[in-house]
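Below are some notes on the model you sent, set out as numbered points. Please read them with the structure open beside the text.

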Amino acid sequence: MLRGRCACNAVAYEVPDEFVVAFNCHCSNCRATTGSAFLPWGEIEREKLRVTAGAGSLLVEGDADAHHAMRCGECWSCLYWTVRDGTCVRVPYGTLVDEPALKPTAHMFVASKAPWYEILDDLPRHDGSPWS
């Protein structure tokens, strides 16, 4: 079981070490959200993520019955967001306390990456979404 948390420790969660895919996303939205060159994330079935502390501090960004992200209401850390009609979530690897077995397997949205950042690894690169 992997543990995760927000920046201020108000919210904690756990998720099994069973991510099905993991990417480094270089899109402008992920860069703006993190204030960094890219956002590493892993995807897992929604029912496998369990908030263990601070559920009352969670804020829904978007439509709770459709696509949304869950943030800490204290520090605004993004803890996960829904995909695939809400059946799966993507978890920012930066919120994990423990190391996941599945490391990012590729870079996505490389065509819009930060011009000041140079990718130095040998992972596959996708100009846009790898599913396009």
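1. A polar atom of the Ser-77 side chain lies 3.0 Å from the backbone nitrogen of Ala-7, and since this is a predicted model, that distance is best read as a property of the prediction. Ser-77 itself is found in the loop between S7 and S8, and at a relative accessibility of 13% the residue counts as buried, because the cut-off for that class is under 20%. Leaving aside residues up to four places away in sequence, Ser-77 touches Cys-6 and Ala-7, and also Met-70, Arg-71 and Cys-72.

2. Cys-8 is a useful companion to that point, as it sits in the loop between S1 and S2 and, with residues up to four places away in sequence not counted, touches Cys-72, Glu-74 and Cys-75. Cys-72 therefore appears in the contact lists of both Ser-77 and Cys-8, where contact means heavy atoms within 4.5 Å. Cys-8 is partly exposed, with a relative accessible area of 37%, whereas Ser-77 is buried. For a sense of scale, the C-alpha atoms of Cys-8 and Thr-87 are separated by 28 Å, and these two residues are 79 apart along the chain.

3. Two backbone angles deserve a look when the model is inspected. Most residues other than glycine have a negative phi. Asn-9, which lies in the loop between strand S1 (2–5) and strand S2 (12–15), has a positive phi, near 70°. Phe-109, in the segment after S10, likewise has a positive phi, in this case near 55°, and the residue is partly exposed, with a relative accessible area of 27%.

4. In what order do the strands of the open sheet follow one another? The sheet has 7 strands in the order S6-S7-S8-S9-S4-S3-S10, and the pairing is mixed. Strand S6 (58–62) and strand S10 (107–108) are the edge strands, each of them pairing on one side only.

5. The stretch of the sheet around S4 can be followed pair by pair. Strand S4 (residues 39–45) runs antiparallel to strand S9 (residues 88–92), and 5 bridges join the two; here Glu-43 stands opposite Arg-90 in S9. S4 also pairs with S3 in the antiparallel sense, again over 5 bridges, and in that pairing Glu-43 is the bridge partner of Val-21, while Leu-39 in S4 stands opposite Cys-25. Glu-43 thus has a partner in the pairing with S9 and another in the pairing with S3.

6. On its other side, S3 is joined to S10 by 2 bridges, and these strands run parallel. Cys-25 stands opposite Met-108 in S10, as well as opposite Leu-39 in S4, which makes Cys-25 a convenient residue from which to trace the register in both directions.

7. Are S3 and S4 largely enclosed or largely open to the outside? For strand S3 (residues 21–25), 4 of the 5 residues are buried, so the strand is largely enclosed by the rest of the structure. The same description applies to S4, because 5 of its 7 residues are buried.

8. The largest pocket has a volume of about 490 Å³, and of the 21 residues that line it, the closest to its centre are Cys-30, Thr-33, Leu-39, Cys-78 and Trp-81. Leu-39 is also the residue of S4 that stands opposite Cys-25, which links this pocket to the pairing described above.

9. Which elements supply the lining of the largest pocket? Helix H1 (28–34), S4, strand S7 (68–72), strand S8 (78–83) and S9 each supply at least two of its residues, and H1 gives the most, with 4 residues. By residue class, the lining of the largest pocket divides into 11 nonpolar, 7 polar and 3 charged residues.

Note on methods:
Residues are numbered from 1 along each chain as its sequence is written. This is a predicted model: local features need pLDDT of at least 70, side-chain atom pairs count only at pLDDT 80 or more; totals for chains, interfaces and linings use all residues. Side-chain values use heavy atoms; hydrogens and water are left out. Two strands pair if DSSP finds at least two bridges between them. Buried means under 20% relative accessible area, exposed over 50%, partly exposed in between (1.4 Å probe, protein chains only). On a 1 Å grid over the protein atoms alone, a cavity is a set of points where a 1.4 Å probe fits but cannot get out, and a pocket is an open set with protein on both sides within 12 Å along at least five of seven lines; lining residues have an atom within 4 Å of a point. Grid points are joined across faces, edges and corners, and a volume is the space filled by probe spheres set on the points. Ala, Val, Leu, Ile, Met, Phe, Trp, Tyr, Cys and Pro count as nonpolar, Asp, Glu, Lys and Arg as charged, and the others, Gly among them, as polar. A polar contact is a pair of N or O atoms within 3.5 Å; within protein, one must be able to donate a hydrogen and the other to accept it, and residues adjacent in sequence count only if both atoms are side-chain atoms.
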